[in-house]
Amino acid sequence: MAEQKTIHLKIRRQDDPDKPSRWEAFNIPYREKLNVISCLMEIQKNPVTAEGKKTTPVVWECNCLEEVCGACTMNINGQGKQACSALIDHLEQPIVLEPLTKFPLVRDLMVDRQIMFDHLKTVHAWIPIDGTYNLGSGPRMSEVKRQWAYELSKCMTCGCCMEACPQVNSRSKFIGPSAISQARLFNAHPTGEMNKHERLAPLLDEGGIADCGNSQNCVRACPKDIPLTTSLADLNRETNKFALSRWLRK
Amino acid sequence: MSTTQKPYHFLIRRAHSLLGLVPIGLFLTFHMVLNLSARGGPEVYDKVIATMQGFPGIFIIELVVIFIPIAVHAIYGTWVVYSGQSNVLRYKYARNWFYIIQRISGLYTLVFITIHVYLMRFSEANFAALSEFLRQPVGLVFYTLGVIFAIFHFVNGLWAFAITWGITIGPHSQKIWLYALVVVFILLSGIGLANISAFL
């Protein structure tokens with residue numbers, strides 16, 4: 001890429017969830033190998049728009065800076081991405097930054113992804129271990145299974161799949177691909193498998209797996225390359241078997 | 001998402017998926033093949049229509065096998081369309097286009113079938129009447145789009161059907177099934193267009 005003198009950014013600002021949003025443009029002196037976060041830090045140092053107007057520093061959220069926590073996920077040039085791994089040299093300019101649209105806005109580029117964590121609770125995305133006494137060691141997990149399950153465990157609840165999913169919106173209760181994939185991960189675990197029914201039952205409810213629309217955007221949008229559509233199809237099979245078997249035994 | 005058990009949601013979504021193939025998709029295929037009789041000329045076609053309409057209990061069969069399944073599939077499908085929010089301009093993936101075309105074709109097919117049934121079942125149904133309708137450019141475009149969209153909706157629905165029922169789980173099997181369905185789409189569309197051209 002040819003060397004550029006300045007980096008042009010266009011950021012959707014919003015002071016408060018109830019206030020209207022506005023666009024602000026910023027120019028940042030070019031340096032090599034910057035990412036979106038380092039640009040936002042430059043703005044923080046000198047919050048002046050491209051027109052020379054003084055403004056407030058842009059609010060965003062970040063944490064690990066190595067694409068494993070998901071906190072800095074935002075819409076970069078129209079698609080959900082992590083701002084830490086979004087390298088300026090790879091992006092088309094002006095770089096348009098917007099908050100994720102599927103979550104309640106806090107301020108500027110910061111959203112509240114609490115609903116994703118609530119969905120993890122809904123599908124029991126954990127393995128119950130010792131209670132009041134030691135239950136002893138659990139069954140072993142085969143190495144082959146561990147290897148593919150590891151891929152699913154890379155999910156950082158960042159919200160890219162939710163942002164890309166047409167079925168996740170204000171008119172639908174769909175819990176989204178990530179929570180469903182986590183149900184598959186914990187069902188694959190030999191100890192987790194013992195509570196399989198607790199993860200499959202909520203998937204039959206409104207907002208569960210049947211609300212998937214097969215647009216398959218999730219698997220394309222996932223920054224961790226998690227086979228989300230494979231998880232969805234696999235759990236389709238599992239929930240079908242589970243629902244039928246539960247009904248026949250009623 | 002509530003924690004109370006409402007398994008009806010899952011049941012109705014699965015019923016919606018199943019109805020698309022049995023009986024609606026199978027009826028569509030039968031309907032397309034049967035209409036090839038129009039290529040034999042007005043006499044053959046009108047005789048087939050008369051035979052079908054004279055079939056004992058045809059009204060009950062039409063009601064149970066055709067009308068009710070299509071009505072349920074269409075009413076619930078319209079709700080499904082409403083509950084989605086396309087983002088194809090931001091995420092320009094082929095499957096995302098299929099997602100929106102599936103919904104557009106479904107809605108168009110609903111309008112098409114309503115008018116089609118009105119024309120063919122509740123007014124004069126014979127070769128001459130349909131031929132007259134199809135000779136108008138608007139009628140021809142309306143019918144051609146209806147036939148192609150209905151077939152697309154069925155065939156693309158079969159692609160999703162295999163996922164919904166946990167048959168094609170991985171991306172590879174989904175791709176192979178897609179290729180197979182492309183062949184089905186071409187075959188059915190060929191038959192559909194041959195039917196229409198018989199009336200021109």
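This is a short walk through a predicted model with a chain A and a chain B. We begin with chain B, move to the place where the chains touch, and then spend some time in chain A.

Chain B is a good place to start, since its secondary structure comes to 7 helices and 0 strands. If you follow the sequence from one end to the other, the pattern reads α-α-α-α-α-α-α. To get a feeling for the extent of chain B, picture a box laid along the principal axes: the C-alpha atoms fill roughly 60 × 35 × 30 Å. Another way to look at this is the radius of gyration, which is 18 Å for chain B; a compact globule with 200 residues would have a value near 16 Å, so the two agree. Of the 200 residues in chain B, 26% are buried. The contacts inside the chain also tell us something about how the sequence is brought together. Among contacts in chain B with a separation of 6 or more, 78% are between residues 24 or more positions apart.

One spot in chain B deserves a pause. Val22(B) and Pro23(B) are joined by a cis peptide bond, with omega at about 5 degrees. Where does Pro23(B) lie? You will find Pro23(B) in helix α1 of chain B.

Helix α1 is also a helpful guide to the next stop, the contact between the chains. Here 30 residues of chain B are in contact with 33 residues of chain A. On the chain B side, the elements that give two or more residues are α1 (8-34), α4 (94-121) and α6 (137-164). Which of the elements gives the most to this side of chain B? That is α1(B), with 4 residues. Sorted by class, the side of chain B that touches chain A has 12 nonpolar, 13 polar and 5 charged residues.

Now let us cross over to chain A. The domain assignment of chain A gives domain 1, covering 6-111, and domain 2, covering 114-248. The C-alpha centres of these domains of chain A lie 31 Å apart. Where the domains meet, 14 residues of domain 1 are in contact with 12 residues of domain 2. On the domain 1 side, β3 (73-76) and β4 (79-82) of chain A are the elements that give two or more residues. The element that gives the most there is β4(A), with 4 residues. By class, this side of domain 1 has 4 nonpolar, 7 polar and 3 charged residues.

The strands β3(A) and β4(A) are worth a look in their own right. They run antiparallel and are joined by 4 bridges. Within this pairing, Ile76(A) has Gln79(A) in β4(A) as its bridge partner. The strands form a hairpin with 2 residues between them, and in this hairpin Asn77(A) takes a positive phi near 50 degrees.

From here the pairing can be followed to β5(A). Strand β3(A) is joined to β5(A) by 2 bridges, and these strands run antiparallel. In this pair, Ile76(A) stands opposite Leu97(A). Strand β5 (residues 95-98) also pairs with strand β1 (residues 6-13) of chain A, this time in the parallel sense and over 3 bridges. There, Leu97(A) in β5(A) is the bridge partner of Ile11(A). Leu97(A) is therefore a handy landmark to find in the view, since Ile76(A) stands opposite Leu97(A) and Ile11(A) is bridged to Leu97(A).Chain A has a cis peptide bond too, running from Gln93(A) to Pro94(A), with omega near 0 degrees. Pro94(A) is found in the loop between β4 and β5 of chain A.

Finally, let us visit two residues of chain A with a positive phi. Lys33(A) is not a glycine, yet has a positive phi of about 60 degrees. Its place is in the loop between β2 (22-29) and α1 (36-45) of chain A. Asn214(A) has a positive phi as well, near 55 degrees, and lies in the loop between α6 (196-203) and α7 (217-221) of chain A. Is Lys33(A) buried or exposed? Lys33(A) has 8 other C-beta atoms within 10 Å, so this residue is exposed. For Asn214(A) the count is 23 other C-beta atoms within 10 Å, so Asn214(A) is buried.

Definitions and conventions. Residues are numbered from 1 along each chain as its sequence is written. Chains are lettered from A and ligands numbered from 1 in the order in which they are written. This is a predicted model: local features need pLDDT of at least 70, side-chain atom pairs count only at pLDDT 80 or more; totals for chains, interfaces and linings use all residues. Two residues are in contact if their C-beta atoms, placed from the backbone, lie within 7 Å. Ala, Val, Leu, Ile, Met, Phe, Trp, Tyr, Cys and Pro count as nonpolar, Asp, Glu, Lys and Arg as charged, and the others, Gly among them, as polar. The radius of gyration is taken over C-alpha atoms; the globule rule is 2.2 Å times the number of residues to the power 0.38. A residue is buried if 20 or more other C-beta atoms lie within 10 Å of its own, exposed if 12 or fewer, and partly exposed in between; C-beta atoms are placed from the backbone. Domain bounds come from an automatic or database domain assignment. Two strands pair if DSSP finds at least two bridges between them.
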